Amino acid sequence: MNASTPDTIDPAEAAHFGAMAADWWNPKGSSAMLHRLNPVRLRYIRDAVDGHWHGDPAGLKPLAGRRVLDVGCGAGLLAEPLARLGASVTAIDAAPENIAVARAHAEGQGLAIDYRVGGVEEMDEAAAFDLVTSLEVIEHVADPAAFVAELARRLAPGGLMVLSTPNRTPMSRLALIAVGESVGGIPKGTHDWHRFLTPEELAKLVEAAGLRVADVTGLSFGPGRGFHLSDNKAMDYLLTAVPAAAAE
């Protein structure tokens with residue numbers, strides 16, 4: 001890795017996802033899996049936000065007045081709904097192709113989102129965010145521990161962090177790689193099973209960064225239900241963390 005590349009960015013991973021940029025918003029294209037996952041992940045984030053800040057579950061703008069940072073934003077599949085929930089959103093991605101598509105799409109939707117190219121470590125540490133999200137990203141970075149630490153540095157006191165990633169289990173290898181990357185619509189080479197993190201491993205990284213794990217919930221798939229939140233963490237899971245001081 002050259003001196004101009006942030007420590008957490010894996011250039012090969014950035015190039016892989018950048019090559020998919022033009023197709024990112026196509027619900028039947030290379031990011032079809034993310035389109036199917038997004039409503040469930042958004043429901044989880046909304047519940048976490050309402051619980052953390054004691055919001056009204058029926059409110060339309062639960063993130064009004066909140067600053068949000070979405071890291072590894074791709075072309076904005078999460079950043080846009082977060083903006084619609086009232087947040088002032090900053091979204092960052094290592095692939096310039098993704099950011100170009102994200103900016104154009106947001107403009108077409110009339111959404112003001114601060115999109116930036118680069119790694120999270122390039123952001124000003126003085127710019128603290130109430131909510132930090134990074135979904136299906138940590139398994140693609142060069143240094144997961146450094147990545148989590150950088151995310152934690154951007155979290156404001158009393159803030160909330162939400163991460164998601166596949167679990168390293170036989171089920172995830174079968175579902176996401178053996179099946180997903182052959183007939184399930186996931187582009188080949190998207191996943192390296194050995195880079196998946198178990199909930200216990202991710203929890204240790206979060207705690208080492210000065211945060212406390214508040215919740216871990218599985219994200220499962222069933223023929224009759226599609227993707228849904230679950231106690232079963234064998235395939236994928238979401239983790240919510242808060243500053244450790246919040247527990248005191």
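Hi everyone, let's start with His54, which is found in the loop between H2 and strand E1 (67-71). Please keep in mind that what we are looking at is a predicted model.

What is the phi of His54? The value is near 55°, a positive one in a residue other than glycine. That deserves a pause, because most residues other than glycine have a negative phi. As for its surroundings, His54 has 70% relative accessibility and counts as exposed.

Now find Glu136, in the loop between strand E4 (129-135) and helix H5 (144-153). Here too phi is near 55°, a positive value in a residue other than glycine. Is Glu136 buried or exposed? With 14% relative accessibility, Glu136 counts as buried.

Let's move on to charged side chains. Side chains of opposite charge can pair when their charged atoms come close. How many salt bridges does the model have? The count comes to eight, and I'd like to walk you through a few.

Begin with Arg195 and Glu13, which form a salt bridge whose closest N and O atoms are 3.7 Å apart. Arg195 sits in the loop between helix H6 (170-179) and helix H7 (199-208), while Glu13 belongs to helix H1 (residues 11-18), so this pair ties together parts that are 182 residues apart in sequence. Arg195 is partly exposed, at 24% relative accessibility, whereas Glu13 counts as buried at 14%. There is a third partner to point out: Asp10, Glu13 and Arg195 are linked in a network of salt bridges.

Next, please look at helix H2 (residues 32-53), where Asp50 and Arg46 are four residues apart, which means about one helical turn separates them. Their side chains meet in a salt bridge, 2.8 Å from N to O. Asp50 is buried, with 9% relative accessibility, and Arg46 is buried as well, with a relative accessible area of 16%.

My last pair is in helix H3 (residues 79-84), where Glu80 and Arg84 lie four residues apart, about one turn of the helix. Their salt bridge has its closest N and O atoms 3.8 Å apart. Is Glu80 buried or exposed? At 1% relative accessibility, Glu80 counts as buried. Its partner Arg84 has 37% relative accessibility and counts as partly exposed.

To recap, we saw a positive phi at His54 and at Glu136, a salt bridge that ties together parts 182 residues apart in sequence, and pairs about one turn apart in H2 and in H3. Thanks for listening!

Terms used
Residues are numbered from 1 along each chain as its sequence is written. This is a predicted model: local features need pLDDT of at least 70, side-chain atom pairs count only at pLDDT 80 or more; totals for chains, interfaces and linings use all residues. Side-chain values use heavy atoms; hydrogens and water are left out. A salt bridge is a side-chain nitrogen of Lys or Arg within 4 Å of a carboxyl oxygen of Asp or Glu. Helices (H or I, at least four residues) and strands (E, at least two) are DSSP runs, numbered from the N terminus. Buried means under 20% relative accessible area, exposed over 50%, partly exposed in between (1.4 Å probe, protein chains only).
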